[in-house]
Structures are given as C-alpha cells and as structure tokens.
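Trainee: I would like a close look at a single part of this model. Please take one strand and walk me through its surroundings.

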Amino acid sequence: AAPGCILFLGTLEPRKNLGVLLDAYERLIARSATAPPLVLAGHTPPDAAALVARARRPPLAGRVELPGYVSADERIDVYRRALVFVLPSHTEGFGMPAVEAMVVGVPVLAADRGALPEAVGSAGRLFDPADADALADALDQILGDATLRERMRDDGRRQAQKFQWTATA
C-alpha cells in the first residue's frame, strides 16, 4: 500500500456520516492530484452498498480503499500508515478509534458532536459534520503542513494519556 493515507476506521454505517467525508475528499482531490488515498477501514454492512458503489465510481474510483474489517492485530499498522484520522459521525459514543489514533500519534479530525470534542480535547481539530467544505479545508491544511501534523501528534499523545485505564477506572 502507498505510504500515507487519510483514514476512517469503524463500521461503515449511516450514523458515521461517511457521505460528508466522501464529499470532502472529492473536493480535496479536485484541488490536489497528489492527495493521499482515503481508506475506509471497517465492517461493511449491507446498508453501506450505496457508499461502496460511490467509492468505486469516478472521481473516487482508485482513490478510495475499502479493506473491510480490520482485526485487532492489524489495527496498529493501519493507524501507522495514516497521515490524518477522520471521525465524521453525527452521533458517537466515546470515539475510541480517535483515542487509539492519538495513542499511535495520528492527527485527529473529528465532528464537533456527542462525546468526540471531549475525547479529542484541544489535541484534535473539530469540524461541523454537515460542512464538507470545512472538512476539506481542514484536511488540506493538515496534509499540507508537516509542522502542524507533528504538533498534533504530540498533543494527541498527551491527550490520549488522560484515557489510560488508570485514569478512567
């Protein structure tokens, strides 16, 4: 697999709001031919058929990877490849994948809904999950700025430490 990607990890279900992520990614690749691939990793239920079909049609065809369910053993490698992790959900419980991403040192972009703002704290970047333009702009900024990614990596690791089991127990 090519080095670097934009990563979503979780079940590909409607509440995860992946349509907005695809909208934002279309804007991103229209601006930049060198944008990294988008990886939508996770179990793909039957109701994700329209999403999968869209990901396989131009302009997304060949740019969006759908590896399916990722085992616990494979997760770390999936995170390590990511330049940025995106969680666009309208409703999310705690947002464990966002914390996992921060533990590994992946910058996190999350919807400003539910428990996600609390999970990512000031370490991540929040966006309105209804606003594909805002998400595209945030992706563009993070992908284009290695210094910003480094700072977000450091901040994310610090933020994730708050959620070690000793702290949450």
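Mentor: Take strand E4, residues 82-87, and start with its pairing to strand E5, residues 108-111: the two run parallel and are joined over three bridges. Keep in mind that this is a predicted model. Two of the residue pairings can be named. Phe85 stands opposite Val108 in E5. Val86 has Leu109 of E5 as its bridge partner.

Now turn to strand E1, residues 5-9. E1 and E4 also run parallel, and three bridges join them. Here Cys5 is the residue to find: its bridge partner in E4 is Ala82. In general, strands of a sheet pair through backbone hydrogen bonds, either parallel or antiparallel.

Step back to the whole sheet. It is open and has six strands, in the order E3-E2-E1-E4-E5-E6, with parallel pairing. E3 and strand E6 (125-127) have a single partner strand each, so they stand at the edges, and one side of each is left without a neighbour in the sheet. From one strand to the next, the twist averages 25°. E4 sits between E1 and E5 in that order.

Next, the helices on the sheet. Helix H4 packs on the sheet and touches E1, E4 and E5; its direction makes about 160° with that of E4. Helix H6, residues 132-143, packs on the sheet as well, touching E1, E4, E5 and E6. The direction of H6 also makes about 160° with that of E4. H4 covers residues 96-104, and E4, H4 and E5 make a β-α-β unit that is right-handed.

How covered is E4 itself? Mostly: five of its six residues are buried. Phe85 is a clear case. Its relative accessible area is 0%, so Phe85 counts as buried. In general, side chains in a regular strand alternate between the two faces of the sheet.

Phe85 also leads to an aromatic contact. The count comes to one aromatic pair. That pair is Tyr79 with Phe85, and it is tilted: 5.8 Å centre to centre, with 50° between the planes. The angle is neither under 30 degrees, which would be stacked, nor over 60, which would be edge-to-face. Tyr79 is buried too, because its relative accessibility is 2%, and the cut-off for buried is under 20%.

Tyr79 brings in helix H3, residues 72-81. The buried residues of H3 are Val78, Tyr79 and Arg81. They lie on the same side of H3, because they cover an arc of only 155° around the axis. On the other side of H3, Asp73 and Arg80 are exposed. What covers the buried residues of H3? The cover includes E1, strand E2 (38-41), strand E3 (64-68), E4 and H4. E4 therefore has a part in covering H3, since it is among the elements named there.

So hold on to this picture of E4. It pairs with E5 and with E1. H4 and H6 both touch it. Its Phe85 forms the tilted pair with Tyr79, one of the buried residues of H3.

Terms used
Residues are numbered from 1 along each chain as its sequence is written. This is a predicted model: local features need pLDDT of at least 70, side-chain atom pairs count only at pLDDT 80 or more; totals for chains, interfaces and linings use all residues. Side-chain values use heavy atoms; hydrogens and water are left out. Buried means under 20% relative accessible area, exposed over 50%, partly exposed in between (1.4 Å probe, protein chains only). Helices (H or I, at least four residues) and strands (E, at least two) are DSSP runs, numbered from the N terminus. Two strands pair if DSSP finds at least two bridges between them. A crossover is right-handed if, with the strands pointing away from the viewer, the path from the first strand over the helix to the second runs clockwise. The arc is that of the directions from the helix axis to the C-beta atoms. Contact means heavy atoms within 4.5 Å. Axes are lines fitted to C-alpha atoms, for helices over the stretch in contact, and angles run from 0 to 180 degrees between N-to-C directions. Rings of Phe, Tyr and Trp (its six-membered ring) pair if their centres lie within 6.5 Å; planes under 30 degrees apart count as stacked, over 60 as edge-to-face and the rest as tilted.
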